[in-house]
Amino acid sequence: MKIAIVCYPTFGGSGVVATELGIALAKRGHEIHFVTYKQPVRLELLSNHIHFHEVHVPEYALFHYQPYELALSSKLVDTVKLHGIELLHVHYAIPHAYAGYMAKQMLREEGIHIPMVTTLHGTDITLVGNHPFYRPAVNFSINKSDAVTSVSESLKQDTLEFFDIKRKIQVIPNFIDQSKVNQNFTDCQRTMMAQEDERIVTHISNFRKVKRIEDVMRVFYRIQNEIAAKLILVGEGPEKERAEAMADQMGIQQQVVFLGNSNEIDRILCFSDLFLLPSEKESFGLAALEAMINKTPVISSNAGGIPEVNLHGESGYLSNVGAIEDMAENALKILREDKTLADFKIRAYEVATRFDIQRVVPMYEAVYEEVYAAR
Ligand code: GMT
């Protein structure tokens, strides 16, 4: 099929999932057109099966806010007409589902009937979408989608609770490309990061409040009180400075490495011994899955969809949000003995393989076929 994918092109999980999905679909013979304001970060290669169309929003002094939705829906209309697109797949409800619906209606006026699939990713429902400022528009555009998918059962339940949904919501979990992780490189450079006797603890996120970076720092502080350890923090965001200040106050600057945003997280996860994800909310926790496929067990909160990914006692441990002592104790349980750590590493990997892309992409294809046939 010829599919237009709308997503955020940044390091966030929803953009990563949309990009990896597009790449996988292209490999399976579909023609994929990414429509967004910047080339997605994980989209390195364009080909005759993968195209990128930039949404440009001209600045005009009269506008206090530049109308991105308008530019996006116009771009979608043009792209559909020019390339004979057969289906829109929008990732993240705000404002993509709304803009997608507008494009669909404009095309309908010209006799072009194009179905729209909306994938809900998390904060579009749990944090932002149900704010009274957005709620009616989000509710409307979800109900006007031809199919709605959610990345976890937990997010599906939240959506049904917060909104008045008339559509069936199908859970299609996020996924991982196992073959890519195994093939990419063989030189895992652990020695560049830590001494041989040190355990490496990692956290990757956008450093927003919802990630509870302070908990990351506190859990690590307790870990390094007991065993030799390094903390590697990957990502950029508003809470990063706070983490830097805490490392200073705790006197552990030498053990904390800030790496900023990275396109090569496999290179970091390959030598990690433990991944921390103490989030307040998380619809899925793609970063945890990426850690697990790299044989890194996970200490996480039990918020949202995380328990659907990180299995307690198997791929790591779960604790209540904010239960720092419990998280630290569980972390030490995994890290103290080489044998225990090795067992958890194998099990984390095994759990992650259940989310292999080869199992998940056909679920999206089935949705596409269904809505296309019903258009
Ligand atoms: O976690 C974020 O703040 C980024 C956000 C996004 O939209 O990119 O991530 C959400 O979507 C990811 C991919 O489906 C999920 O793995 C994350 O759990 C989810 N984040 C939250 O629900 C907070």
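User: Which residues of helix 11 are buried?
Analyst: This is a predicted model. In it, the buried residues of helix 11 are Leu286, Ala287, Ala288, Leu289, Glu290, Ala291, Met292 and Ile293.

User: And how much of helix 11 is covered?
Analyst: Helix 11 spans residues 286-293 and is mostly covered. Of its 8 residues, 8 are buried.

User: What follows helix 11?
Analyst: Lys295 does, with a positive phi near 60°.

User: Where else does a positive phi come just after a helix?
Analyst: At Gly84, just after helix 2. Its phi is about 65°.

User: OK, helix 2. How does its span fit 1.5 Å a residue?
Analyst: The expected and modelled spans agree. Helix 2 has 16 residues, 68-83, and should span 22 Å. Its end C-alpha atoms are 22 Å apart.

User: Which of its residues are buried?
Analyst: In helix 2, Leu72, Ser73, Lys75, Leu76, Val77, Thr79 and Val80 are buried.

User: What do they pack against?
Analyst: Four strands and a helix. The strands are strand 1 (2-6), strand 2 (31-36), strand 3 (50-54) and strand 4 (87-91). The helix is helix 3 (96-109).

User: In what order do the strands of the 7-strand sheet run?
Analyst: The order is 3-2-1-4-5-6-7, with parallel pairing. The sheet is open. Strand 3 and strand 7 (169-171) are at the edges, each with a single partner strand, so one side of each has no neighbour in the sheet. From one strand to the next, the twist averages 25°.

User: How many bridges pair strand 4 with strand 5?
Analyst: There are 4 bridges, in the parallel sense. Strand 5 covers residues 116-120. There, Thr119 is the bridge partner of His91.

User: Which helix packs on that sheet, touching strand 5?
Analyst: Helix 6, residues 153-162. Helix 6 also touches strand 6 (147-150) and strand 7. Its direction makes about 160° with that of strand 7.

User: Now the 6-strand sheet. What's the order?
Analyst: The order is 10-9-8-11-12-13. The sheet is open, and its pairing is parallel.

User: Which strands stand at the edges?
Analyst: Strand 10 (256-260) and strand 13 (316-319). Each has a single partner strand, so one side of each is left without a neighbour in the sheet. The twist averages 20° from one strand to the next.

User: How many bridges join strand 8 to strand 11?
Analyst: The count is 2 bridges. Strand 8 (residues 199-204) and strand 11 (residues 274-277) run parallel. Leu274 in strand 11 is the bridge partner of Val201.

User: Switching to helix 1 and helix 14. What's the packing angle?
Analyst: About 85°, with the axes 11 Å apart. That angle makes helix 1 roughly perpendicular to helix 14. Helix 1 is residues 13-27 and helix 14 is residues 357-373.

User: Which residues meet there?
Analyst: Leu21, Ala24 and Leu25 come from helix 1. They meet Ile357, Val361 and Tyr364 of helix 14. The contact has 6 nonpolar residues, no polar ones and no charged ones.

User: Last one, Thr123. Buried or exposed?
Analyst: Buried. Around Thr123, 20 other C-beta atoms lie within 10 Å, and the cut-off for buried is 20 or more. Thr123 is in helix 4, residues 123-126.

User: How far is Thr123 from Tyr92?
Analyst: The two are 31 residues apart in sequence. In space they are 8.4 Å apart, C-alpha to C-alpha.

Definitions and conventions
Residues are numbered from 1 along each chain as its sequence is written. This is a predicted model: local features need pLDDT of at least 70, side-chain atom pairs count only at pLDDT 80 or more; totals for chains, interfaces and linings use all residues. Axes are lines fitted to C-alpha atoms, for helices over the stretch in contact, and angles run from 0 to 180 degrees between N-to-C directions. Angles under 35 degrees count as roughly parallel, over 145 as roughly antiparallel, 65 to 115 as roughly perpendicular and the rest as oblique. Two residues are in contact if their C-beta atoms, placed from the backbone, lie within 7 Å. Ala, Val, Leu, Ile, Met, Phe, Trp, Tyr, Cys and Pro count as nonpolar, Asp, Glu, Lys and Arg as charged, and the others, Gly among them, as polar. The expected span of a helix is 1.5 Å times one less than its number of residues. A residue is buried if 20 or more other C-beta atoms lie within 10 Å of its own, exposed if 12 or fewer, and partly exposed in between; C-beta atoms are placed from the backbone. Two strands pair if DSSP finds at least two bridges between them.
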